[in-house]
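Subject: Structure handover

Hi,

Here is the structure I promised to pass on to you. Please have it open while you read, and my notes on what turned up follow below.

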Amino acid sequence: MFSGMFDKNMLTFNPGWDQHAQTVTDFKDVDALSEYFQSAHISVEPVGDKSFIITDPDGNPILIDQHV
């Protein structure tokens with residue numbers, strides 16, 4: 001489905017969902033998380049309206065993707 005879209009394997013975090021893709025009510029939305037990472041001087045690469053990528057210290061991408 002995502003063949004060729006990303007260069008490396010990627011961890012995905014979905015704010016607002018639990019580990020079973022069930023909606024949770026108490027969470028920080030993607031905009032708050034983006035602001036948090038930027039305030040910590042972590043580069044944020046927007047990839048959609050409610051999605052962005054950060055990179056861990058080993059160079060691995062982490063996709064933060066909130067389903068609206």
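Before the aromatic results, one definition: rings of Phe, Tyr and Trp (its six-membered ring) count as a pair if their centres lie within 6.5 Å, and planes over 60 degrees apart make that pair edge-to-face. Please also keep in mind that this is a predicted model.

With that criterion, searching the whole structure gives two aromatic pairs. One joins Tyr-36 and Phe-37: the ring centres are 5.5 Å apart and the planes stand at 70 degrees, so this pair is edge-to-face. Its two members sit in contrasting surroundings, since Tyr-36 has 53% relative accessibility and counts as exposed, while Phe-37 has 15% and counts as buried.

The other pair is Phe-37 with Phe-52, where the centres are 6.1 Å apart and the planes are at 70 degrees, so it is edge-to-face too. Phe-37 belongs to helix α1 and Phe-52 to strand β3, so this pair ties together parts 15 residues apart in sequence. Both Phe-37 and Phe-52 are buried. Taken together, Tyr-36, Phe-37 and Phe-52 form one aromatic cluster.

Now to the core. The largest nonpolar core has eight residues: Val-30, Leu-33, Phe-37, Val-44, Phe-52, Ile-54, Ile-62 and Ile-64. Two or more of these residues come from each of α1 (30–39), β3 (51–55) and β4 (61–65). The largest share, three residues, is supplied by α1.

For one of the core residues I also have a list of contacts. Leaving aside residues up to four places away in sequence, Leu-33 touches Phe-13, Pro-15, Lys-28, Phe-52 and Ile-64.

Which side of α1 faces inwards, you may ask? The buried residues in α1 are Val-30, Leu-33, Ser-34 and Phe-37. They span an arc of only 100 degrees around the axis, which means that they lie on the same side of α1. Among the elements covering these buried residues are β1 (11–13), β3 and β4. On the face turned away from the buried side, α1 carries the exposed residues Glu-35, Tyr-36 and Ser-39.

One last detail for your backbone checks: after α1 comes His-41, which has a positive phi, near 65 degrees.

Happy to talk any of this through whenever it suits you.

Best wishes

Note on methods:
Residues numbered from 1 in each chain as written. Predicted model: local features only at pLDDT ≥ 70, side-chain atom pairs only at ≥ 80, totals over all residues. Heavy atoms only, no water. Core = buried A, V, L, I, M, F, W, Y, C linked by side-chain atoms within 4.5 Å. Buried < 20%, exposed > 50% of the residue type's maximum accessible area, 1.4 Å probe, protein only. Helix = DSSP H or I, 4+ residues; strand = E, 2+ residues; numbered from the N terminus. Contact = heavy atoms within 4.5 Å. Phe/Tyr/Trp six-rings, centres within 6.5 Å; stacked < 30°, edge-to-face > 60°. Arc of directions from axis to C-beta.
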